[in-house]
Amino acid sequence: MIEIKKHKEPKKLLTYRLQDYSSYKDLPSDIKEVVLDSLMEEQGHLCAYCMRRIPLKNGNPTATIEHLKPQNAVNEDEKLNYKNMLAVCPGNRNATDNNDKSCDAFRGSLPVKEQGMTVNPLNASTLREIKYKGNGIIYSDNEMIDSDLNEKLNLNCKAMLLPECRANALKALQEVVMKNNLGRSASKEYFNKLLEKYTRSDSYKTPYVGILIKWLESKI
């Protein structure tokens with residue numbers, strides 16, 4: 001998980017939101033599509049939580065609009081607040097076992113009172129305590145954040161192979177570093193250039209980039 005910097009609210013959403021009796025439940029499909037396109041662009045086409053590439057179906061992203069503050073805990077204005085919206089992957093939401101789900105699909109299966117979170121991809125300060133193990137496991141020494149990662153978002157979901165995917169992404173980066181430096185220790189300048197590459201606001205970010213950024217930061 002990395003910080004997401006919000007773009008300007010789509011004009012179509014703003015126009016609709018300012019109408020009398022507007023509601024998220026009745027949000028027209030064309031406006032929802034515009035919102036999802038904007039969310040995907042600002043997130044580099046990655047899920048806001050697990051950071052995998054949001055898959056396509058028939059050429060269209062299978063993204064879902066997630067409300068950071070759950071809909072059942074906020075008023076209508078907050079449901080239509082663009083700053084409260086994220087794009088997330090399907091999270092294996094059709095699985096019969098909730099333990100096989102992740103991201104909002106898992107979080108949404110929890111009782112309402114348990115869905116609130118401390119970790120927030122729009123607030124960088126809440127992300128600093130996120131850590132990764134070499135095998136791709138995501139965790140935190142902060143009990144509240146660790147609970148968010150594992151008990152509310154299930155970001156180490158075995159059915160989704162999330163730890164393995166993160167570990168493979170890290171291994172691929174490490175192999176590139178070794179190859180480009182001919183097996184020698186890379187310089188801090190080299191790591192800084194890579195860090196700049198992975199932290200810039202690209203339309204298409206590298207999947208599981210969170211673990212890559214953390215590893216690069218540890219080398220500087």
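## The nonpolar core

In this predicted model, the largest nonpolar core holds 59 residues, and the members that touch the most others are Met1, Tyr49, Ile130 and Leu155. The elements that give two or more residues to this core are the helices α1, α2, α5 (143–152), α6 (162–180), α7 (188–199) and α8, together with the strands β4 (85–88) and β5 (130–132). Of these contributions, the largest share comes from α8, which supplies six residues.

Ile130 offers a view of the packing at one of these members. Once residues up to four places away in sequence are set aside, Ile130 touches Met1, Val119, Ile138, Tyr139, Ser140, Ile145, Leu149 and Lys214. Met1 thus appears both among the contacts of Ile130 and among the core members that touch the most others.

## Helix α8

Helix α8 is largely enclosed by the rest of the structure, because seven of its ten residues are buried. The buried residues are Val209, Gly210, Ile211, Leu212, Ile213, Trp215 and Leu216, and they pack against the strand β5 and the helices α6 and α7. Lys214, which is one of the residues touched by Ile130, is not part of that list of buried residues.

## Helix α2 and the residues around it

The length of α2 agrees with what its residue count predicts, because 14 residues at 1.5 Å a residue should span 20 Å and the end C-alpha atoms of the helix are 20 Å apart. Within α2, the buried residues are Ile31, Val35, Leu36, Ser38, Leu39, Met40 and Glu42, a set that includes the polar Ser38 and the charged Glu42. Just after the helix, Gly44 takes a positive phi of about 65 degrees.

Lys11 is placed in helix α1, which covers residues 11–17, and it counts as exposed because its relative accessible area is 69%, where the cut-off is over 50%. Although Lys11 and Val34 are 23 residues apart in sequence, their C-alpha atoms are 9.3 Å apart in space.

## The two largest pockets

The largest pocket has a volume of about 600 Å³, and its lining consists of 26 residues, of which Ile2, Glu3, Ile4, Thr199 and Ile213 lie nearest the centre. Both α2 (29–42) and α8 (209–218) supply at least two residues of this lining, and the largest share, four residues, comes from α8. By class, the lining is made up of eleven nonpolar, nine charged and six polar residues. Ile213, which is among the residues nearest the pocket centre, is also one of the buried residues of α8.

The second largest pocket contains about 270 Å³ of space. It is lined by 16 residues, and those closest to its centre are Ile65, Glu66, His67, Gln71 and Asp104. The elements that give two or more residues to this lining are α2, β3 (64–67) and α4 (103–107), with the largest share, four residues, coming from β3. By class, the lining of the second largest pocket has five nonpolar, six polar and five charged residues.

## A buried glutamate

Glu78 is found in helix α3, which covers residues 76–79, and it counts as buried because its relative accessible area of 18% falls under the 20% cut-off. Leaving aside neighbours within four places in sequence, Glu78 is in contact with His67, Lys69 and Asn84. Of these contacts, His67 is also one of the residues closest to the centre of the second largest pocket.

## Positive phi outside glycine

Most residues other than glycine have a negative phi. Two residues that depart from this pattern are described here. Tyr21 has a positive phi of about 65 degrees although it is not a glycine, and it is found in the loop between α1 and α2. Cys103, likewise a residue other than glycine, has a positive phi near 55 degrees and lies in helix α4.

The surroundings of these residues can be set side by side. Tyr21 is exposed, with a relative accessible area of 81%, whereas Cys103 counts as buried, at 0% relative accessibility.

Definitions and conventions
Residues are numbered from 1 along each chain as its sequence is written. This is a predicted model: local features need pLDDT of at least 70, side-chain atom pairs count only at pLDDT 80 or more; totals for chains, interfaces and linings use all residues. Side-chain values use heavy atoms; hydrogens and water are left out. On a 1 Å grid over the protein atoms alone, a cavity is a set of points where a 1.4 Å probe fits but cannot get out, and a pocket is an open set with protein on both sides within 12 Å along at least five of seven lines; lining residues have an atom within 4 Å of a point. Grid points are joined across faces, edges and corners, and a volume is the space filled by probe spheres set on the points. Buried means under 20% relative accessible area, exposed over 50%, partly exposed in between (1.4 Å probe, protein chains only). Contact means heavy atoms within 4.5 Å. A nonpolar core is a set of buried Ala, Val, Leu, Ile, Met, Phe, Trp, Tyr and Cys residues joined through side-chain atoms within 4.5 Å. The expected span of a helix is 1.5 Å times one less than its number of residues.
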